[in-house]
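Reader: I am new to reading structures and get lost when I look at everything at once. Please pick one part, go through it closely, and then show me how it relates to what lies around it.

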Amino acid sequence: MTDIFIDSSDLIEITDLRKNPLVHGFTTNPSLMKKAGVVDYREFCKQVVEITDKPVSFEVFADDFVAMERQADIISSWGENVYVKIPIVNSQGLSSVPLINTLTRRMQLNVTAVFGLIGDKEIIPKRSMIVSIFAGRIADTGRDPARFFNHAINAEYLWASTREVFNIFQAEK
């Protein structure tokens with residue numbers, strides 16, 4: 001079965017969809033929040049946690065690993081249904097895998113912005129983990145995103161950047 005996550009920074013939309021049995025969870029990011037006019041990151045996230053008990057993913061916005069870890073600890077404290085989004089690399093292209101392996105011991109993670117293969121020996125989940133593979137963006141480059149899901153680690157996979165209905169059928173496979 002394929003679970004559907006709604007990528008939104010609209011509290012009304014999240015409120016309306018929280019009881020929909022087809023919606024498994026919610027995810028957002030700082031860019032989406034800014035576009036939606038969110039001015040208080042913490043307050044917005046706490047409102048989302050109050051609205052739904054479904055899984056919700058909130059992203060760190062720091063770029064250095066010490067600050068990422070500090071932000072992750074804060075974000076994970078907002079609720080039991082919270083997954084902390086950590087990008088697979090920072091803006092300098094440095095791997096976040098060591099930080100991810102540290103954080104997975106104490107919180108639920110959503111490893112995000114994945115554009116390539118992750119080896120099953122690189123990331124070793126200790127708690128519930130989502131891996132967000134940006135399948136739509138991978139397909140935009142002319143590569144088949146389905147092959148990136150064949151190198152599974154023990155995690156749930158999120159087919160991110162869905163572009164067309166066909167992607168849902170691909171994800172289901």
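Author: Helices here are DSSP runs of H or I with at least four residues, and they are numbered from the N terminus. By that rule, V165 has its place in helix α7, which covers residues 165-172. The model is predicted, and everything below should be read with that in mind.

A short overview comes before the close look. The protein has 173 residues, and 46% of them count as buried. Its secondary structure comes to seven helices and seven strands. Along the sequence these follow the pattern β-α-β-α-α-β-α-β-α-β-β-α-β-α. Take the contacts between residues at least 6 apart in sequence: 56% of these join residues at least 24 apart.

The part to look at closely is helix α3, residues 41-51. At its start, a side-chain oxygen of D40 comes to within 3.3 Å of the backbone nitrogen of R42. Which residues of α3 are buried? They are Y41, F44, C45, V48, V49 and I51. Seen down the axis of α3, these buried residues fall within an arc of 160 degrees, so they line one face of the helix. The spacing of such positions has a general background. An α-helix has 3.6 residues a turn, so residues three or four places apart point the same way.

What does that buried face pack against? The buried residues of α3 pack against two other helices from the earlier part of the chain, α1 (11-17) and α2 (30-35), and against strand β3 (56-59), helix α4 (65-76) and strand β4 (82-87). Three of these neighbours, β3, β4 and α4, also take part in salt bridges, so they are worth following outwards.

Start with strand β3, where E59 is found. A residue counts as buried when its relative accessible area is under 20%. E59 has a relative accessibility of 16%, and therefore counts as buried. One of its contacts leads straight back to α3: leaving aside neighbours within four places in sequence, E59 is in contact with T28, N29, P30, Y41, I75, K85, P87 and T112. Y41, in that list, is one of the buried residues of α3.

K85, also in that list, has a further link to E59. The side chains of E59 and K85 meet in a salt bridge, at 4.0 Å from N to O. E59 lies in strand β3 and K85 in strand β4, so the pair ties together parts that are 26 residues apart in sequence. Like E59, K85 is buried. As background, side chains of opposite charge can pair when their charged atoms come close.

How many salt bridges does the structure hold? It holds three. Besides the pair just described, there are two that share R106. The side chains of R106 and E69 meet at 2.6 Å, N to O. R106 lies in the loop between α5 (97-103) and β5, and E69 in helix α4, so this pair ties together parts that are 37 residues apart in sequence. The side chains of D73 and R106 meet at 2.9 Å, N to O. This pair also links distant parts of the chain, with D73 in helix α4 and R106 in that loop, 33 residues apart. E69, D73 and R106 are thus linked in a network of salt bridges.

Are the members of this network buried, partly exposed or exposed? R106, at 35% relative accessibility, counts as partly exposed. E69 counts as partly exposed at 26%, and D73 does so at 33%. The pair of E59 and K85, by contrast, is buried.

Two other places help with comparison. G25, in strand β2 (residues 23-27), is buried, with a relative accessible area of 0%. Leaving aside neighbours within four places in sequence, G25 is in contact with I4, F5, I6, K54 and P55. I123 lies in the loop between β5 (109-114) and β6 (129-133), and at 1% relative accessibility I123 counts as buried too.

Finally, return to helix α7. V165 is exposed, with a relative accessible area of 57%. Together with F166, I168 and F169, V165 makes a nonpolar surface patch of about 450 Å². For scale, the accessible surface of the protein comes to about 9600 Å², and 53% of that belongs to carbon and sulfur atoms. In α3, then, Y41, F44, C45, V48, V49 and I51 are buried, whereas V165 in α7 is exposed.

Definitions and conventions: Residues numbered from 1 in each chain as written. Predicted model: local features only at pLDDT ≥ 70, side-chain atom pairs only at ≥ 80, totals over all residues. Heavy atoms only, no water. Buried < 20%, exposed > 50% of the residue type's maximum accessible area, 1.4 Å probe, protein only. Contact = heavy atoms within 4.5 Å. Areas by Shrake-Rupley, 256 points an atom, 1.4 Å probe, with all protein chains shown as cover. Patch = residues over 30% accessible without salt bridge, like charges linked within 9 Å, V, L, I, M, F, W, Y side chains within 5 Å. Arc of directions from axis to C-beta. Polar contact = N/O pair within 3.5 Å; in protein donor to acceptor, adjacent residues only side chain to side chain.
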